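User: I've just opened this one and could use a guided tour. Can we go through it in questions and answers?

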Amino acid sequence: MAAAIRNSMLLVVVISGWNRLFSSAKPPAPPVHCDGTGCVLSNAYGAWVDRQLCRTGHVVFPTTEEELRVAVSEAHRERLKVKAASGFSHTIPKLACPPPENSVVISTAKYNSRIEVDVANRRVAADAGVGLRELIDKVEAAGLSLVAAPYWEGVSIGGLISTGSHGSSWWGRGGAVHDHVETLSLVVPASATEGHAKVVTLQRGDPLFNAAAVSLGLLGIISQVTLSLEPSFKRSITYSFRDDSTFQDQFTEHARKHEFADITWFPSQHQAAFRCDDRVPLNTSGDGFNDFIGFQSNLMAVSMAVRALEKAFDDSRNVKGKCATASGELAYKKTIANGLRSNNLLFTGYPVVGRHGRMQTSGSCQHSPASDPFSSCAWDPRIQGLFFYETTAFFSPQSFKSFILDVKRLRDMNPDNFCGVDNYNGFMIRFVKRSESLLGQPEDSVVVDFNYYRASDPSTPRLNQDVWEEVEQMAFVKYGARPHWAKNRNVAFVGVQGKYPGFEGFLSAMKELDPEGMFQSPWSDEVIYGKEAAKGDGCALEGLCICSEDRHCSPSRGYLCQHGLIYKEARVCRFAKASIV
């Protein structure tokens, strides 16, 4: 066993090196596939929260705002349900999925030609389908910078605005991109005399602007966005790896001291990586960039091997194996500074200085030509690569500290149970400023994001499943954290309407702009109204429900519904015995 674990640890280091040296990237597959029987909309991970296909009668690809308006007009005239999709589709909940009958998906994948930079007024206007990386490069070439952006660049401008995507900052306007929007245009249904659809343009300060800034596709389809910019600047980044004993007392000072601060906590390794990240003048020496390790391309064979190893550990309940790979993963991240590169080369030492547009966001695995048959993003569903859940929760600073202390108590009962999350990226901790948007953050918030193993078969329980269900319920139930709209399992949204002071105002905006519910669907209703699905056998395994009976888990495989270990009110699926007949 010891030799096997050492070999597993070595494998992590070796395959990471292979990827670094030899792989480029096969771009992700388009999210829409149509044939003679209709169309299927997928997300980038190949599986929605309920594992069911998202079917629709047809998909429309407008290329201009007028074509987009006509598409909405025809759908309204024919009384079809409508959902918007982009060319990327990284949303985990089924917000973009319409009912399968009498519906249409309108994709902005080809509506992406306009990027206009207004240097004098420091603004950029773009079509909703424009990719984030293309916009950033155009802005930087004009001597300006978009201050806020999510860490993953494989998103469209319309998609990232409508779902509340963010980076990390409590400074200035903050880290959420929608708080840097100056104007946006929506295509909404209209009366017959108005052509059945019209374009509504909203500016900051307009009555409906704060509802439209984070709209989840429920008010209309975003057609144009104008964002505020600042003069170009550089960033200086240093990762400081520290013992995790007191980081819950240090996060506020860290966020206030560094403009783009974040913290990555590796609970099983008892370490926390503090990202000391500040703007520096444009003439500061350095031409580095951020090529975050999790978003680099992977040789397909490597991604498949990593997943096979993780699955073998999970199936055999080999927690020590997961801990060995977690230790190796952290050691490698330290060696390469989590993907930072110095002056277009390998990492050569801190600090790494580079232009803001190359430091804020990354995603190299999606950009290389499709002619590369050997590599892809690690989670590409066309291969048997990484497959995981992503839980993302927004806390008040006060409740965040209490949450971390509770998680530490759970961790300290058996630190090995937390190795699974450290095989991904531990707990990513970022900072998002209070927003005026009705579905944005109502206070300066600390956002925690963590990924963890998802079984290939939805009926298969997971090693230490109870741990992650207890952490999930600590966050969203005990401490009332708010879920990220574009991430999470369904249970995270239960009761969400009571967590946003502006929620009723948002519902009023829905009634005003979409009085017939043209953009609603059963799946978006599950998210926005926070309704728990009907409970059935095994529903807790995939986060479709919180268990209240053993049958909601997997009693035949020894997983029973039990109380949490630290948060006693939690109900989790815990492995109790080998089997129950």
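**Disulfides, a helix and two pockets**

Analyst: Let's start with a crosslink: the bond between C365 and C377 is right-handed, with 90° about the S-S bond. The two cysteines sit in distant parts of the chain, with C365 in the loop between α9 (356-359) and β21 (375-376), and C377 in the loop between β21 and β22 (388-395). Keep in mind that this is a predicted model.

User: Is C377 buried or exposed?

Analyst: The cut-off for buried is under 20% relative accessible area. C377 has 1%, so C377 is buried. Its partner C365 comes out at 0%, and the S to S distance of the pair is 2.0 Å. So for C377 the word is buried.

User: How many disulfides does a search of the whole structure find?

Analyst: A pair of cysteine sulfur atoms counts when they are within 2.5 Å. C34 and C39 pass, with S to S at 2.0 Å, and C547 and C561 pass too, at 2.1 Å. Over the whole structure, the search gives a total of seven.

User: Which class does C34 fall in, buried, partly exposed or exposed?

Analyst: Buried means under 20% and exposed means over 50%, with partly exposed in between. C39, on the other end of the disulfide, has 7% and counts as buried. C34 has a relative accessible area of 38%, so C34 is partly exposed.

User: Where is C561, the partner of C547?

Analyst: The link between C547 and C561 is right-handed, with 80° about the S-S bond. It joins distant parts of the chain, 14 residues apart: C547 is in the loop between α14 (522-528) and β26 (559-563), while C561 lies in strand β26. Both cysteines are buried. So the place to look for C561 is strand β26.

User: What distance lies between the end C-alpha atoms of helix α8?

Analyst: Helix α8 covers residues 319-335, which is 17 residues. At 1.5 Å a residue, α8 should span 24 Å. The computed distance agrees with that: 25 Å.

User: Why is α8 described as largely enclosed by the rest of the structure?

Analyst: Look at how its residues are placed: the buried ones include V319, C323, L330 and Y332, and also K322, E329 and K333. The helix counts as largely enclosed because, of its 17 residues, the number buried is twelve.

User: Which residue caps the N-terminal end of α8?

Analyst: A cap here shows up as a side-chain oxygen lying 3.4 Å from the backbone nitrogen of K320. At the other side, α8 is followed by A337, with a positive phi near 55°. The capping residue is N318.

User: Which helix gives the most to the lining of the largest pocket?

Analyst: This pocket has a volume of about 620 Å³. Of its 29 lining residues, the closest to the centre are P28, A29, P30, P31 and G87. Both β1 (32-35) and α3 (132-141) supply at least two residues of the lining. The biggest contributor, with three residues, is α3.

User: How many charged residues are in the lining of the second largest pocket?

Analyst: The second largest pocket holds about 330 Å³ of space. Among the 17 residues lining it, I383, Q384, G385, F387 and S456 are the closest to its centre. By class, the lining has nine nonpolar and four polar residues, and the charged ones number four.

Terms used. Residues are numbered from 1 along each chain as its sequence is written. This is a predicted model: local features need pLDDT of at least 70, side-chain atom pairs count only at pLDDT 80 or more; totals for chains, interfaces and linings use all residues. Side-chain values use heavy atoms; hydrogens and water are left out. Helices (H or I, at least four residues) and strands (E, at least two) are DSSP runs, numbered from the N terminus. The expected span of a helix is 1.5 Å times one less than its number of residues. Buried means under 20% relative accessible area, exposed over 50%, partly exposed in between (1.4 Å probe, protein chains only). A polar contact is a pair of N or O atoms within 3.5 Å; within protein, one must be able to donate a hydrogen and the other to accept it, and residues adjacent in sequence count only if both atoms are side-chain atoms. On a 1 Å grid over the protein atoms alone, a cavity is a set of points where a 1.4 Å probe fits but cannot get out, and a pocket is an open set with protein on both sides within 12 Å along at least five of seven lines; lining residues have an atom within 4 Å of a point. Grid points are joined across faces, edges and corners, and a volume is the space filled by probe spheres set on the points. Ala, Val, Leu, Ile, Met, Phe, Trp, Tyr, Cys and Pro count as nonpolar, Asp, Glu, Lys and Arg as charged, and the others, Gly among them, as polar.
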